[in-house]
Structures are given as structure tokens and as C-alpha cells.
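These are my notebook entries on a structure that I went through one topic at a time. I began with a single helix and worked outwards from there.

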Amino acid sequence: MKRARNVVAAATTVTLALALSACASGDTPADDSGETAAEEAPAGDIRVWLVGSDTPEEAREHLKTTFEAENEGSTLTIEEQSWTGLVDKYTTALSGSDSPDLVEIGNTQAPAFTSAGAFLDLTDSYEELGGDDLLPGFVESGSFEGQFYAAPYYSGARVGIYSTEITGDVEVPATWDEYLANIETLASDEVSGLYTPGKDWRNGMVFVWANGGDIATVDDSGTWTGGFSSPESITGLEQLQDVMLNSNHAPADSDETDPQVPFCAGEIGYLTAPSWVRWSIAAAEDAEVPGCLETYGAEDKLSAFAIPGAEEGTYAPVLAGGSNIAIPTNAPNPELARSALEIILSDDYQEILAANGLVPAKVSQAEFMADDAFSQASAAAAAAAQLTPASPLWADVEASGVLEDSFVKLAQGEDVATVAAELDAEIEGTLNG
Amino acid sequence: MTTTPAAPKAPPEAFVRPPQELRTKKSSPFPYALLTPALAVLAVLVAWPILKLLVTSFQEYGRAQAFGAPPEWVGLDNYVEVLTSGEFYAVLARSVGFMVVAVVLTMTLGTLVALLMIRLGKAMRMLVTVGLLLAWAMPALSTVMVWGWMFDTRYGVVNYLLTQVTGSDWAGHSWLIEPLSFFLVLGLIVVWMGVPFIAFTMYAGLTQVPVETLEASQLDGANARQRFFQIQVPFVRSIIIVLIVLSVIWDLRVFAQVYALQGIGGLYEKTSTLGVWIYQKGTASGDFGFAAAAAVVMVFIMLLISLYYVRQTLKEDD
Amino acid sequence: MAASTLTAGPTAPAAPVVVTTKRPVPPGRIAANVLFGVLGAVVFVCSAFPVYWMVSSSFLPTNLVRATVPTFFPGSDFTVDNYVRAVTDDTRADFLPALQTSLTVTFLTLVAALVIAFLASVAIGRYRFRGRKQFIVAILVVQMIPGEAMLLTYFQLIDGWGMLNMVFGLTILYVAMVLPFTVWTLRGFVTAVPVELEEAAMIDGCSRTRAFWKVTFPLLAPGLVSTGVFAFIQAWNEFVLALVIMSRPESMTLPVWLRTFQQATKATDYGALMAGSVLVAIPVIVFFLFVQGRMTGGLVSGAVKG
């Protein structure tokens, strides 16, 4: 990011001057410079695409009212998108003339678009938006060739969720080995010690990383080498396969959606999931999507921990989940979108996200995280979280479904080394173009 | 083969022969006028995209190009990549195998249902019609959802019923994870969705067979099978051929069902058919050049498969 | 009876359709009718059960929808909550605009495709002209091209005309999508109508146009209905193009609306999904029932006899 910041330094003066002139005389007719015309930010209706239901209702409301108060005559509409097929949809929708003004995108998906020129260059707003206070890993996933395109939106890390109704007096694990031992202890004919649906490679990755393995590494010439076949990764995958086969009842071909159903049936010892899954579990029994507030999800029973690392006091690297947010190149109202983006990164907005268990976009905003077990675990896990390989082609690896396929094979008991070798070959094939 | 009752008024061959001497004026602009709207639509919305597809198949065309970067010419690289990847042949074999089974089943069942409908009384025919209409009217997406859910590993009604009927425990049996049983479920869905169309079209065709002809042959002692093969089949021959050709094309191109079913369960790598594979390579993974080349190759293969029919059509015309 | 050669393997249950006694005598005929009745019932159950399962689930409370022991009949647990949620949930796009979009697009597609295809099929089914052969081969080949490979081109084309998120933009794509098939099928029907009938009418003093409309056109009715139904269902069910072209929530079509019930990170509300599916299927069923009556009515058989 060094280069980006140099550019920022150079650009700041210009931006500042423009911003000042815009403030001083909002009514001044635009001069010939297109950029200045844009700074005028004429009133308009902007469309914001948020993905899935992760952004709480309160935050949406805040964004809309604040934006409309700050930009008189303009309106903001939030259009919810689905995570399923998101890359496919953005590939077309953002390239056309009817593009939205501001879009959320998964942090692992962002590079596919920053590298394609799909987003507006925000390098000159880097400092304004938070600068070095922005979550570093997410700044990285939102940058390409030294330019900054997609700001961090929020982060979320997977935590171990359990109900004392099931775990009883089994202590919260302090080390990775204890964690594995507990999983075995908790497993029974009815209960999955650790809930590991076959397709959930995102959960599976912690086994690889906790043992020192990696997804893929890149050498100086830019050539990627798959890391699943390394001895460390194999150890991790073997541990995972052992859990899948011997301490787990989740079907090998299922994915991580709806974990509250088996959880509320009392069939789960540990569940690794983003912390906001607690709200699905702690939903009322007669809710639209029922949870089990009265039983396993009761406030005094439901709790969480950050998955421990090899040494006591350390944490195992989990997959950093979360989103970036960016302005598409074809956005009809880029200046208004910038104003909305600033609101999103503001303390007020991020405080709402933090209260809902999400890790805020700026490091300093972590203080807004609540003081309960879930938020503490989230913060600890987020600090140790790992990213997927920083390649614009990584989104294609995910989109191909090869990771799901490979982890399903593990869940079916296929040979770990063979599966790992095949997976490495696939990943290398994609990342090396 | 006791009789081949000549249909007195309209011998079957008459219905399938090419356009007759009636309109011989070759220079008449009238047929062209009739064709103009169709040609206009096809030229703009079919011919142009196809041209674009061909061009793209010779280019390095990724997501950046979709966002405006100029594409780079790579000659035959995409084709070489498609034809040298083992994946392509696996996908191809899988698609063709599935297509053959699905077409045979759909055609046979559809024809039998059409014949059944002719035989049934009014009330029962209405009932069958309603059943088929319901199956046909189901939105493709929800069809897959319902079937996928009936075959659900944990809560599926199929596993429940099998457990009740067979006595052994089917709970937790995964139908979609084994490629073969994935295709069993997929086949059920595709055939279930396909039979109504075949049945209705065959029924519409078969009801056009002159009743007198059938009655005459029955009086001459022809049994049902003879009547079917000697009168009804020749009468609707052109419809049958069209249906087969179209079923071949559709079942080879099957997309939505595979796509949605993979979302419910199943290994992408072992269950992708051509359409889904091309979609994954193109829109999902952003390698449009590769996807275009794969699509072109796929069309060639379909042409090979239907070459016989295309030649027949051309011959018929001379 | 060699009927089994036709019905090899798993299709055996329906085989007796073509197996009848040679000389129908009353007892045999009754037995055959009973057999056909039973087979009809089997066909009905096989076709209708998944639909029943969808409808039945749509009336169940959520906790019974996903339960280890399935509920086969809602009974006293009957509830319309799923429908209320499916239509009113404001985190999703509205149902009514989607219904309106779908109805409009489908209706326009149906009408345009039938008119255009009818003209074209008469041209190639009744006339000989230069380029006819090429046209026939072309509309066949065109159907072999996987549309999934051309999504981006379609998008760029419609975008270039400024018709993204517009009913008209999607409609013309749908017309192009169903046209090759409709022309192709109608041509089969046109060729199957004996020209002799028309000639006879002309001898009786009809003009050619009049003979066509009086004699040939009624005979094409089942073909028109058949292809029309196809165009209808294709346009009604299509979702990949709709997803790409209609990216705004207010211009969604029903299949895309239905897809919003499934969110990767959110528990799927199966009850509401099934209720939504029922709502999407109802217009098609209504249309079909209406059309089917005409298809099986006296029109066709009467015309053939005449």
C-alpha cells in the first residue's frame, strides 16, 4: 500500500482544493473540468447493492436517513442482492449503463473486479475514508496494482458456538489439541462433536492453517504453488477427515446453511460459524425461521469461543470473512455514492454493525464491539484471521466449486493425499492462468 | 401383417411429403414477405450474437474485456485448450449419455401417455390432462426445489417412504453425492418435465389421424400394434422426428435443472453437463473466450449427431 | 405381442396401452377399460405428486415443513402464513410488480412469436423459394447453440439499445429465444396438412387465401396451441436472461423473484418458497386449462373429418 499512499499524498492537495471550492460556492456553474462538474454532486437517486442479510435493518435505515438529510433532494435505495451467483451478476450488471452506484462485494471476490477495472479508483479518497485505520487485509483485497478501489465494509470471523445444554461441563478448549479432544468427547450417536458439512470448506480451512499449512503460495515470478499437499496441510486435512468421519453427522454433501436446525435439535456440540448465526439460533420457536430461544439457544446457555491455536493464549487462523464496498466505474452518480460511502465508514454506522457482532471496517472502531462472549470471540478470531490467496483469479477458483468438491471427497473418506494433490493442480491451473 | 389398409382418401405419405406443386412460381416475393419479420429478429438477436461468439472464441476475453479492455487475438489457443482438457471429454461423454437415456425415456413415455389419452374416457382423460398440465406448468426452478427436497438427505419424503416400505434405514441416505444417483434424480426431473410436452404434441398429432382410416383397418383385422405402426406412426412421422430432434437438443443443452440441483447437492466436477460447464467457465469464472470455444465445439458435435436428420431434410427438399 | 419392443425396460408399466385384444368382445373391452383407467390414474399420480407435495407444504407451519417425519396432509395445522410471508416480506422485492412484469413479457412474447412464426412456417411449409433450405437448416442449428455462452453478448446488445430493465428489451430476447422452435414445430404442422384439402376447396370456388383460412388454418390450430403453450412456458420460466437483463428489484420477473427466497447465508424459508412456487405456477395452470379445452375440443376432429 506504500505506493497507494504516495499517490494519495500527491492527490490530497488537489482534492482538498476542489472540495473547498465546492463548499464555498455550491451554485457556481461548473468549469470545463469534468471532475469539478462531478464535485457539484447534483441531486439524484442512488442505488446501493447490499448482499445478503448481514447488514442489520437498523444500519440500512441509518444509511438512508443520514444520506437523504446530508444530500437534500437526493434519495438512496438499498437493493438486496443474493450471495449465490453474485460474481456472475456483477460481471454483467456493473459493466452496463444501468449500473448501481455503490456495491458490496465479498472480500475474496473483490480482486476479480478491481483487476478488471469495474470499480472507480478511490485512491485519492484513501485518507479521507480512514487511511491506515482501515482493516489492512481488506484494504489489500480492495486494491490492485497500488491503486485503492474497494473500501473495507465489515469483517466477520468464524467462532466456535456451543450450548452448555450439550457441552455440559466440558471446558472451553485452550489449545488446538484440547479442541480436537473436546470434539471427540462431545461426539455421540446423536451429536456431532463438530458440525462439518462436506461442502463447508471455509470452516475446514482452519484445520489447514492451524497446522501451519496454506492454500497456495506465490514465488517472485508470480507463479502460484498449491499448498494443500504440504505435510502441514496434510496433517490438518487428516484431522479434519477424522472429525468428519468419526465425530460428525452432517451429511457429506450438505453445506453450511441452516445450521440452527440441527443445533436446535440438540445435534451439535461445536459449531464454527460467523458470530451472527447466534441470532438464528436464539430466534423464538415460532419465528418465521424458528430457532430455540427456550432451549439450546437460551441466553445463559448459548456461548462462543475463538478457536484456540497450538499454544495457550493464541488463536487458530480462521478464514477472514467479510465484505468490501466500492463504486462501480459506470455508476450514474459517483459523487453521491462517495457521500454514502463516507456514511458507511463513519463511526455511527459502524457502531451499529459492531453491536450486531460484525467487526467494523476500521481498527479503531473495534471498541464498539459489545462485551459479551460472542463479540470477544469475534474480535480475537478476527485478529488471527487469514485471507485467501491475493490473486484476482482467486474468485474464479471459488466460483468453480472445486473447493466444495474436494472437501466433500474428504467427507466421503477418500484418500487425503490424492484429494490434496488434485486440488492443488486445479488451483494452480486457475491461478496461473 | 394381415392388412395394410390403404387409407382411401389421404394416404399417409401425402402428409409428410415436401411442399407440393401447388406453389411453383419461384420468383414470387410473397414467401419472402412472410419470412421478413422472422429473419429480422433472427438476424439481430441470433446471427449477431453467434458472430460475436465466433469472434470471442479466437480471443483472450476475460472479465476485464467485459468492462471495456480491448481483447487480444489468440488464434486457436482457446480451442486447443478446450480439446486438450480431459475435463471436456468427461463432460461431453456425461452429457451425451444422459441425453440418450433421457430422450428415449421421454419419447417412449410421452407417446404411450398420448396413446393412453386417446383410449381413455372423457373423465379420465381430463384427469390425466390435468396431471400432465400440473407437471408441465411447474416453474423449472421450483420443480428442482421440490424434487431436491423430496430427495433430501435428512428430511426427504423419499427416504422416509423407502424406510417405511423396505424396512431398512434410508434416513441420511444422500442421493445427490454419488454422480450416478445424482443423474438418476436429474433424469427423473427432466423426464417428468419433458413427458407432458411430448404427450400433448403426440396427442395433438394423433387426433388428426382420420378416424375412418383407423376404423377401416380395424375392420380389416389389423390389431392395435399394426394400426399404430402402419397408420398412426407414418401419419405423425414428421412430428415424431421433430420431437426427437428437439428432445436431443434440449436434453443435451439442459441447464437450469443441473444448475439448481448442483446448488442443492452433488459434485460440480462430476455432474456438470455441457451447458453448465460452459456457464461456469464463462459467466462465473470470467473466461469468456474459453467458454465461447467450448460452445462452438459443442454445436459442431450436435451437428454431427443430427447430421442424418439435416441431410434428410435437405434431400426431402430436392 | 411385440409391443414390448417399443417399450423396452423401465417403461413397462404403460406398455399395455397398445396391447389390446384383437377382436373386442364386451368382457375384454371392460377389462381393457379398467386397465386403461388404472394406468391413467398411475400417470396422474406420478405427474401430480410433486405438485401436491409443493402445495401441501405451502400450507404447513414452518416447523412441520422440515421435520424428520413428513406431514402428508396439512389437516388441522393448515395455515396460510407462508403465503402472507411470501407476498408481504419487505426484505424481498414485491410480488405484484413481478407478476405484472412476467405477465406482460409472457403475453407479448406469445403473441409476437406466434404471429412471426406462423408467417414464416407458412412460407417454408407451403412455398418453394431460393434460400428456403438454408433457412430451415439455420433455424435447426441455431437451437443447438448454448445460450449460456452468449449471456454477455445479449446483455451488451440490450444495454446498447438502452433497454436494460425494460419489458420490451426482455421480450425481444424471448421472442428470439422461442422463435426457432416455434417456426420449426409449426412447419411440421403446416406440412402435415394435406394440400389436397385446400385444392378441393379451391375447386369448390374458394380463392387461395380463403381456402387457406377456411381449410388449412383450422387444421393448424392444435399446432398453434402447442407451440403457443411452449412459448408461454419458456417465457414464463426463463430466469438466467431475466436475471441478467432485469437487474433492478422493481423489474424482476417471477422466477427471479422466486430465487430471492434462497440466500446462501440465510436460512431458507421453505414454507414461503413453496407458497411462492404455487403463486408462480397458478397463472400457467389457468392459461393451460383454458387452452387445453380448445385443443381437445371439436375444432380439430371436426376439421379432420370434414
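**Entry 1: a helix and its surroundings.** I first looked up what the buried residues of H12(B) pack against, and I found helix H6 (140-150), H8, helix H13 (268-271) and helix H14 (274-284), which belong to chain B. I note here that the model is a predicted one. H12(B) spans residues 256-264, and because eight of its nine residues are buried, I describe this helix as largely enclosed by the rest of the structure. The buried residues that I listed for H12(B) are B:Ala256, B:Gln257, B:Val258, B:Tyr259, B:Ala260, B:Leu261, B:Gln262 and B:Ile264. After H12(B) comes B:Gly266, for which I noted a positive phi near 105°.

**Entry 2: chain B as a whole.** I then stepped back to the chain that holds this helix, and recorded 16 helices and two strands for chain B. Of the 318 residues in chain B, 52% are buried. I also looked at how far apart in sequence the contacting residues lie: among contacts in chain B with a separation of 6 or more, 72% join residues that are 24 or more positions apart.

**Entry 3: chain B against chain C.** How many residues does each chain bring to this contact? I found 94 residues from chain B and 97 residues from chain C. On the side of chain B that touches chain C, helix H1 (residues 30-56) of chain B gives the largest share, with 14 residues. Sorted by class, that side of chain B has 73 nonpolar, 14 polar and seven charged residues.

**Entry 4: a helix pair across the two chains.** For H8(B) and H10(C) I noted a packing angle of about 170° and axes that lie 9 Å apart. Since angles over 145 degrees count as roughly antiparallel, I entered H8(B) as roughly antiparallel to H10(C). The crossing of H8(B) and H10(C) is left-handed. The residues that meet here are B:Phe197, B:Phe200, B:Thr201 and B:Ala204 from H8(B), and C:Pro222, C:Ser226 and C:Phe230 from H10(C). I sorted the contact of H8(B) with H10(C) into five nonpolar and two polar residues, with no charged residue.

**Entry 5: H10(C) and a partner in its own chain.** Helix H8 (residues 167-192) of chain C packs on helix H10 (residues 208-237) of chain C at an angle of about 160°, and I noted that their axes are 9 Å apart. H8(C) and H10(C) are therefore roughly antiparallel to each other. Is the crossing of H8(C) and H10(C) right-handed or left-handed? I recorded a right-handed crossing for this pair. From H8(C) the contact includes C:Tyr174, C:Phe181 and C:Phe189, while H10(C) contributes residues including C:Leu220, C:Ser226 and C:Phe230. By class, I noted eleven nonpolar, six polar and no charged residues in the contact of H8(C) with H10(C).

**Entry 6: the largest nonpolar core.** I looked up which of the 327 residues in the largest nonpolar core touch the most other members, and they are A:Ala151, A:Ala340, A:Ala381, C:Leu173 and C:Leu179. Helix H8 (residues 179-206) of chain B supplies the largest share of this core, with 18 residues. I followed C:Leu173 further: leaving aside residues up to four places away in sequence, C:Leu173 touches B:Leu45, C:Tyr154, C:Ile158, C:Leu241 and C:Ile245.

**Entry 7: chain C against chain A.** Here I noted 26 residues of chain C in contact with 22 residues of chain A. Helix H3 (62-65), helix H7 (151-160) and helix H11 (240-245) of chain C each give at least two residues to the side of chain C that touches chain A, and H7(C) gives the most, with four residues. That side of chain C divides into nine nonpolar, eleven polar and six charged residues.

**Entry 8: positive phi values.** Most residues other than glycine have a negative phi, so I checked for exceptions. A:Glu145 has a positive phi near 45°; this residue lies in the loop between strand E4 (143-144) and strand E5 (147-148) of chain A. A:Glu145 counts as exposed because 10 C-beta neighbours lie inside 10 Å. C:Asn165 has a positive phi near 60° and sits in the loop between H7 and H8 of chain C. With 18 other C-beta atoms within 10 Å, C:Asn165 is partly exposed.

Key. Residues are numbered from 1 along each chain as its sequence is written. Chains are lettered from A and ligands numbered from 1 in the order in which they are written. This is a predicted model: local features need pLDDT of at least 70, side-chain atom pairs count only at pLDDT 80 or more; totals for chains, interfaces and linings use all residues. Two residues are in contact if their C-beta atoms, placed from the backbone, lie within 7 Å. Ala, Val, Leu, Ile, Met, Phe, Trp, Tyr, Cys and Pro count as nonpolar, Asp, Glu, Lys and Arg as charged, and the others, Gly among them, as polar. A residue is buried if 20 or more other C-beta atoms lie within 10 Å of its own, exposed if 12 or fewer, and partly exposed in between; C-beta atoms are placed from the backbone. Axes are lines fitted to C-alpha atoms, for helices over the stretch in contact, and angles run from 0 to 180 degrees between N-to-C directions. Angles under 35 degrees count as roughly parallel, over 145 as roughly antiparallel, 65 to 115 as roughly perpendicular and the rest as oblique. A crossing is left-handed if the near helix is turned anticlockwise from the far one by less than a right angle, and right-handed if clockwise. A nonpolar core is a set of buried Ala, Val, Leu, Ile, Met, Phe, Trp, Tyr and Cys residues joined through C-beta atoms within 7 Å.
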